[in-house]
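Colleague: I've just opened this one and don't know where to look. Can you walk me through it?

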Amino acid sequence: MASVPIIPDSYNHVLAEFECLDPLLSALRLDSSRLKCTCIDVSKRWLALGSSGGGLNLIQKDGWKQRLFLTHKEGAISRVACCLHDEDYVAVATSQGLVVVWELNQERRGKPERIYVSSEHKGRKVTALCWDTAALRVFVGDHVGKVSAIKINTSKQGKAAATFVMFPVQIITTVDSRVVQLDYLDGRLLISSLTRTYLCDTEREKFWKIGNKERDGQFGACFFPVGKNSVNQQPLIYCARPGSRMWEVNFDGEVQSTHQFKQLLSSPPLPVVTLRMDPHYTSSSCSPQSLSFPKLLYLTEHCVMTWTERGIYIFLPQSVQVLLWSEVKDIQDIAVYKSELFCLHTNGKVVHLSLLVIDRCIERLIRRGFWTLAARVCCLFQNSIISCRARKNLPVDKLEHLKSQLDASTQQDLITQLEELISKLEPPDSACSSRRSSISSHESFSVLDSGIYRVISRRGSQSDEDSCSLHSQTFSEDERLKEFPAHQEDEQVELDSVSHASVTVEADRNETFLPFSIPLSFRSPSPLVSLQAVKESVSSFVRKTTEKIGTLHISPDARGRQEAKDDEQLRELTVNLVAPPREEKELEPQSCQLPEEDPLRDLKAATAEAIAKLQDPLVLLEPQCMRRVLQEWLVYLEERFGRKEHSASSIKKSKTVCTEEQSTVLEENLRLDPSGGDPVDKEQSSILESYTDETCVSKTMCENSTDMKGPLGCSFQVSPPCVIEPDVQKDLTELTTLCFELHVFSCGNGDAEESSNGSFPLAASSTLACRFMQSYFFLLDLKRLKQCIITMYATSPNVWETYIAGLKELTCHSPVALSMENEDMLKILKQLHDLGPWDDSPLLLVHAQRLYEKFGEIALRPLIKFYPSILPSDIKQLCRNDPAHFLAYLDSLVKSKPEDKRSSLLRSLLQPESVRLDWLCLAVSRDAPQIANTVDAEGNPRPRSHLFTWGYSQLILLLIKLPADFVTKEKMADICKSHGFWPGYLFLCLELDRRLEAFTNIAHLDDLNLLNGEDGSIPETIEEWKFLLHLAQNHGTAFHHHGPQNGSAVSNGSPSSPDCVTVENVALLLAKAIGPNRALPLLQECGLTLELSERFTGVCEILRIAEKRQRALIQSMLERCDRFLWSQQA
């Protein structure tokens, strides 16, 4: 039987899921693609779930049986907060920035009612809600840093007071950045922003900044209340810091100490006990975690909880310990009440977890009949079960009962493990057990590998009843240091003013253990062996360097003679290269004299001649002539800097003809050798011939060529192989970049006309472009190169990948690249910001590529602050395999600007103009409702389908409202119609003067609010009114049967609903627009007077009376003005 890893006895708590809330979400219809849960909160009685459709579901936790549903027409629910001291109140923030406070009236069994609606944050994103702990007051924070307070006047204080007294919204403060978290305790408000934490005394209106060091990112803060037994002790504050740290702050805002949890988080994660899967534990430790805690929540007694995209973390900050951490992915938000955790995931799912002592968890599993899961948890946590405290709740007879419930035929391994556990437990009344129990009440012990018992005294411990609390189960600082294993003694301790670092203890312990001559595996070898290894390494480095220098400075003639040497001469050369240092010194003067011949002489002359020809207007304005000039110059460039196996001149110099057998063998070698590159294509047969010609020179040179990398697998030349003067470098860069832009590449046989004329297939052209970049990366203008690839090689991803690979090799030793492995994302982004300004440097692009490869979509949104150094076209190239990520970046970039500047920004990004349709198709197909829900079988709109929530509706409307030509507008209208985005389609129909088509779709949508006149959608002529009236008549009452409820729409199924498109509602709109006296003859002409009710007649009479009074009022005012003017003349 394979040994199962056992969790150490220092971990005696676990997160457990005893019930699945998926059926509850399904009953609430929050598991569909159209509606999902967006926010969560919990109190003693309620579980509050906000939805994307604007509804708030209040579920009673006791049995999940009572439910209240509160609707909001102000948009989706973004935040919800339950009042903990009076659960009859709940506050809600919508996507439009409105804050609504509800009184549930549960005590009087009345209907819930709105008692306050605040528009102080309208148009902004509310990021935090927090209730006062004593009074009925709500604190609100938004994404620009504004914090306000809403004081509630309740009907419980008297009906008159609730009706006539409405307290104004109080502006608390405006901080420097987005509000991340709010917390309130005993008259103090805690505000955590992106840069720092503020403490506010709401009674005295005083503010403090906590700490001196700023931060950059999502970091939370919370109050830490004192226990019931602590009478004179003030509450504490804990603020998250970068690198898995926390500040401990007193109630006056003074930082007391910094706690470091990075090294403590190197322990493996504990499994979550759930019915969804069997718990598994890996004993191997992971690397220390440097995390950013987005929120801090006070959990039960003495615990602070937080989470990241990786998992849930629970700390004991006062004793600087990690109670546990477990891997739970994709968490959006968590609400806590005492030891209960309700986790909202990014896909809208909700998971209910409980923090329990392990024996309580097992006891609850046994009580619910989950026998297999209980047995597996027993085997994992057997060290904790053996302890005295666990045995009180899990006696031997209960474990025996658990074993009897297992199936002996299929669960024999589990039964065997349980029997081993039971055998380690003595009966509670035995002498041995009583003696151990008396010891364990004051001491704890662990068994070392040598069999020695190590006893840790706890003589100051509390009684058994008090020991059940979390605080009594934690070790003191000295005890925790003694628990470190011996292999950690050689690790370096971080000294960043951490409150719990004990350097003296570590130093003393090292001096105690290390003097013994024990043959440990991690001990370093003797100094003599180390020096010998260093000497051999230096000698090898000198030999390789000498060989490279000799190869670099050798002349072309000497290189040709060297190729003609036989095997014996090559062996002599190898012996000379490994000669003693004295002979190397003798060769130095000769090697220093060779570069004086100016190896770039021919290339400089050819460059000057090419530039002179390109300045001729007849050449400059004729692309074919430019290509011929560049091709003539490219021969000289290849002769000097080109790779030897690709050079066309090497083909001309070769005078030996190879047999077909030799070419076949060479082709097989190039395919099989992992360092030899990719297989040779048919289009590149000339390149194969160049390899074959070199093979015929000598057998030894052929063997050497197989050690070199092939055309597509070779490394980049990111630095010049020799010193180039700045003026020459500038001219070479201009001509080389021009070659790339005009597709002037070397085909391998000296003929570039085919490539330049574009007769090569796309795959061959992109392959030549990749090889060209690899060979001359140090001579290319990287900015122009990037733009050329985006515009000309949009359908060839391998060209872009080669460009990025070259940039990576160019920046492989940069500080950002080196810190990419260990640092967190926010720290890397701050490092990039500090290295700026970047302007439009492509080096920033490769760092963005590294961030995206490591962190995924979450790394794209922070890149908007590097605009315009990084453009949306660059981001589209980075995430071309997942366009949804690009769309999220584009939406965040547009929303980061003020509303009056968004259109101009988006218009500047539409380069070229053709990307507008691509972006529109992408936006209407992502995070959108199903087409079957918006378009019927005949292609017409479904009723009220324009009220669906579209994830990128703002971006879509901005795109279609930008100026464009008539053809583009028609294409955009077709796109909106095919995907069912009716708000945009109606706008385009009116803009394209398709008014009758717009009215037809409004009738299908069955929403009279669309005829508002603000955007010109109200009929302007009598013919349009007649057309709309006939549309309403033709659809009839059958069109208004129970339709879907979309967004905030509430359909009552009545054809006389004031917002449905019926004959009577359209007739009333006509009477209001042109007057009742003109409307009645028009209705009689259409034969629709019989379909009008008494309501229409009454409204017309009211309109007549209002019109008469208005005329009388105007006449009276004119007469008064006339008298006043005459009096002034007199």
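Colleague: Let's start with one helix. What covers the buried residues of α36?

Modeller: The cover includes α32 (883–895), α33 (899–909), α34 (915–925), α37 (966–979) and α38 (982–991). Contact here means heavy atoms within 4.5 Å. Helices (H or I, at least four residues) and strands (E, at least two) are DSSP runs, numbered from the N terminus.

Colleague: And which residues of α36 are the buried ones?

Modeller: Helix α36 runs over residues 953–961, and its buried residues are Leu 955, Ile 956, Leu 958, Leu 959 and Ile 960. Buried is under 20% relative accessible area, exposed over 50%, partly exposed in between (1.4 Å probe, protein chains only).

Colleague: Before we go on, what sort of model is this?

Modeller: It's a predicted model, where local features need pLDDT of at least 70 and side-chain atom pairs count only at pLDDT 80 or more, while totals for chains, interfaces and linings use all residues. Residues are numbered from 1 along each chain as its sequence is written, and side-chain values use heavy atoms, with hydrogens and water left out.

Colleague: Okay, the big picture then. How many helices and strands?

Modeller: The protein has 43 helices and 31 strands. Of its 1130 residues, 46% are buried. If you take contacts between residues at least 6 apart in sequence, 60% of them join residues at least 24 apart.

Colleague: Switching to aromatics: how many aromatic pairs are there?

Modeller: The count comes to 20 aromatic pairs. Rings of Phe, Tyr and Trp (its six-membered ring) pair if their centres lie within 6.5 Å; planes under 30 degrees apart are stacked, over 60 edge-to-face and the rest tilted.

Colleague: Why is the pair of Phe 224 and Tyr 238 called edge-to-face?

Modeller: Because the planes of Phe 224 and Tyr 238 stand at 80 degrees, with the ring centres 5.3 Å apart. Phe 224 belongs to strand β18 (residues 221–224) and Tyr 238 to strand β19 (residues 236–241), so to speak 14 residues apart, and the pair links distant parts of the chain. Both Phe 224 and Tyr 238 are buried.

Colleague: And what does Phe 224 form with Tyr 298?

Modeller: An edge-to-face aromatic pair, 5.4 Å centre to centre with 90 degrees between the planes. Here Phe 224 in β18 meets Tyr 298 in strand β23 (residues 297–299), 74 residues apart. Phe 224 counts as buried because its relative accessibility is 3%, whereas Tyr 298, at 29%, counts as partly exposed.

Colleague: Which residues do ring pairs link into a cluster?

Modeller: Phe 261, Phe 293, Tyr 313, Phe 315 and Trp 325.

Colleague: Now some backbone details. Where is Pro 868, and what is the peptide bond before it like, cis or trans?

Modeller: Pro 868 lies in the loop between α30 and α31 (872–878). The bond from Tyr 867 to Pro 868 is cis, with omega near 5 degrees.

Colleague: What about phi of Asp 330 and Asp 927?

Modeller: Phi of Asp 330 is near 55 degrees, a positive value in a residue other than glycine. Asp 330 is in the loop between β26 (321–327) and β27 (331–337). Asp 927 also has a positive phi, about 50 degrees, although it is not a glycine; its loop runs between α34 and α35 (931–934).

Colleague: Are those two buried or exposed?

Modeller: Asp 330 has a relative accessible area of 48%, so it is partly exposed. Asp 927 is at 56% and therefore counts as exposed.
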